[in-house]
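Me: I should like to take a close look at one part of a structure and then see how the rest is described in the same terms. Please explain the matter formally, at the level of a first-year student.

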Amino acid sequence: MKLEGVELRRIAMPLVAPFRTSFGTELDREVVLVRVVSADAEGWGECVAMSAPRYSAEYVDTAVDMLRRFLVPALLALPEPDVHRAERVFAQFKGHPMAKAALEAAVLDVQLREAGTPLSAFLGAVRETVPAGVSVGIMDSVPELLNAVDGYLDDGYVRIKLKIEPGWDLAPVRAVRERYGSELLLQVDANTAYTLADARHLAKLDPFDLLLIEQPLPEHDLAGHAALAQLVTTPICLDESITSAAVAVHAITIGATRIVNIKPGRVGGYLEARRIHDLCAQHGIPVWMGGMLETGVGRAGNVAMAAMPNFTLPGDTSASDRYFHQDITEPFILHEGRLKVPTGPGLGVTVDARRLEEVTTAVQLVRPEGAVKAAPTR
Ligand code: NPQ
Ligand code: MG
């Protein structure tokens, strides 16, 4: 495969409604898209970094800078680029998994499109559809929350995840359990908002029979999660903490996590995410696919990966209209609570050039010589 260049594009996607978590409220999704062009095909990747470093240390501007300054030039300098060589050359740079994952995904996509292989086949997927869960933001009141959950259950979502924080935890969980009963698949996500001193409080969630509590404590506090696991019966599931396969093994071994949330962007790409899937399977740890408010580009890859065998819990793989009125690809749509795994080569979705232009805020092309041509569109 010979690469002709890499386009870095910033887009701004209006959200259908504000999305509030313990770390802040989002009104628009600012996204970096990567397009890798070869002689015969093009591949797309989406960077899941947010505008500000609230979920993790990366943010949109650091990702663009990493890509432009280091990752794209390293890729374009490879004599025979492929996804495995790309991953290896990116590893010489510390950190920045979301920037690496975006470019790795685009390389994998162009490679698979050239070969005519769907991403699902490359990953060893075993399902044609995946169940769709939904992540429900923090609201101003319980009635407002119940109204939102009513709507998602009407849409067909098979699992509800409530975002929680101190002051918004027991009451919303109790209200949702009382309204929908014990059959509803229900879990919560704290996005690091608690401390180990809150253990007795978090144990009050135990009677509500949640599938899991996601990332209650700070990212680097694996020992704290292991200690908390001794004080609550609800299974602990790590998200932010699981930054690599090595960390996943450590977290599992010390008892910090009984279930693992996989996000390819958080761990540096689909290859590392696949390793985490495989080693969790070996340890008897179920995994599920996270979500980062992806457009159709990132969503397509996540849905393909969620069809692998050890993804045994419904993911945050929601339909496109959970977040966007209009996507940049054909939208992912719920059919009886499930999404179809794309069957075409690579990601198996097509980017709509007209819609893309409407949401684009800047574009730059990086060519093999390393020449950078900046072309902001507006
Ligand atoms: C999580 N996602 O599981 C993340 C957190 C999250 C679907 O709950 C903009 C971009 C806003 C990424 C808000 C879900 C976001 C974001 C929350 C990710 O922890
Ligand atoms: Mg999470």
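Which kind of contact do the side chains of E358 and R355 make?

Reply: The model is predicted, and every value below is computed from it. The side chains of E358 and R355 form a salt bridge, with a distance of 2.8 Å from N to O. In general, side chains of opposite charge can pair when their charged atoms come close. Both residues belong to helix α13 (residues 353-359), where they are three residues apart and therefore separated by about one helical turn. An α-helix has 3.6 residues a turn, so residues three or four places apart point the same way. The two partners can also be described by their accessibility. E358 counts as partly exposed because its relative accessibility is 48%, whereas R355, at 12%, counts as buried because the limit for that class is under 20%.

This contact belongs to a wider set, for the structure holds 24 salt bridges. Another of them joins the side chains of E7 and R9 at 3.1 Å, N to O, and both E7 and R9 are buried. A further salt bridge, of 2.5 Å from N to O, joins R159 and D316. R159 lies in strand β6 (residues 159-163) and D316 in the loop between α12 and β12, so this pair ties together parts that are 157 residues apart in sequence. R159 and D316 are both buried. R159 has a second kind of contact as well: its charged end sits over the ring of W288, 5.5 Å from the ring centre. Salt bridges that share partners join R159, K161, K163, D189, E214 and D316 into one network.

Two members of that network, D189 and E214, lead to the metal site. The magnesium ion (ligand 2) is coordinated by D189 (OD), E214 (OE) and D239 (OD), at 2.0 to 2.3 Å. Along the chain, these donors follow the spacing D-x24-E-x24-D. D189 is placed in strand β7 (residues 186-189), while D239 is in the loop between β9 (236-238) and α9 (245-253); the pair therefore ties together parts that are 50 residues apart in sequence. Both D189 and D239 are buried.

Two backbone details may be added here. N191, in the loop between β7 and α7 (199-202), has a positive phi of about 45° although it is not a glycine. N191 counts as buried because its relative accessibility is 5%. Q215 also has a positive phi of about 45° without being a glycine, and this residue lies in the loop between β8 (213-214) and α8 (222-229). With a relative accessibility of 0%, Q215 counts as buried.

Aromatic contacts come next. A pair of aromatic rings is described by the distance of the centres and the angle of the planes. The structure holds five aromatic pairs. In one of them, the rings of F19 and Y323 have centres 6.0 Å apart and planes at 75°, so the pair is edge-to-face. F19 lies in strand β1 (residues 3-21) and Y323 in the loop between α12 (296-305) and β12 (338-340), so the pair ties together parts that are 304 residues apart in sequence. F19 is buried at 7% relative accessibility, and Y323 is buried at 4%. Y323 also pairs with F324, in a tilted arrangement with 6.3 Å from centre to centre and 55° between the planes. F324 is buried too, with a relative accessible area of 2%. Ring pairs thus link F19, Y323 and F324 into a cluster.

The remaining topics are a helix and the cysteines. Helix α11 (residues 270-282) has 13 residues and reaches 18 Å from its first C-alpha to its last, close to the 18 Å expected at 1.5 Å a residue. Its buried residues are Y270, L271, E272, A273, I276, H277, L279 and C280. Just after α11, G284 takes a positive phi of about 70°. A disulfide is a covalent bond between the sulfur atoms of two cysteines. A search of the whole structure finds zero disulfides. The cysteine sulfur closest to that of C237 is in C280, at 9.5 Å, and this is too far for a bond because a disulfide requires the sulfur atoms to be within 2.5 Å. C237 is buried, with a relative accessible area of 0%, and C280 is likewise buried, with a relative accessible area of 0%.

Terms used
Residues are numbered from 1 along each chain as its sequence is written. Chains are lettered from A and ligands numbered from 1 in the order in which they are written. This is a predicted model: local features need pLDDT of at least 70, side-chain atom pairs count only at pLDDT 80 or more; totals for chains, interfaces and linings use all residues. Side-chain values use heavy atoms; hydrogens and water are left out. Rings of Phe, Tyr and Trp (its six-membered ring) pair if their centres lie within 6.5 Å; planes under 30 degrees apart count as stacked, over 60 as edge-to-face and the rest as tilted. Helices (H or I, at least four residues) and strands (E, at least two) are DSSP runs, numbered from the N terminus. Buried means under 20% relative accessible area, exposed over 50%, partly exposed in between (1.4 Å probe, protein chains only). A charge sits over a ring if NZ of Lys or CZ of Arg is within 6 Å of the ring centre and within 35 degrees of the ring normal. Donors are N, O and S atoms within 2.8 Å of the metal (3.2 Å for Na, K and Ca); water is not among the atoms, so sites may look incomplete. The expected span of a helix is 1.5 Å times one less than its number of residues. A salt bridge is a side-chain nitrogen of Lys or Arg within 4 Å of a carboxyl oxygen of Asp or Glu.
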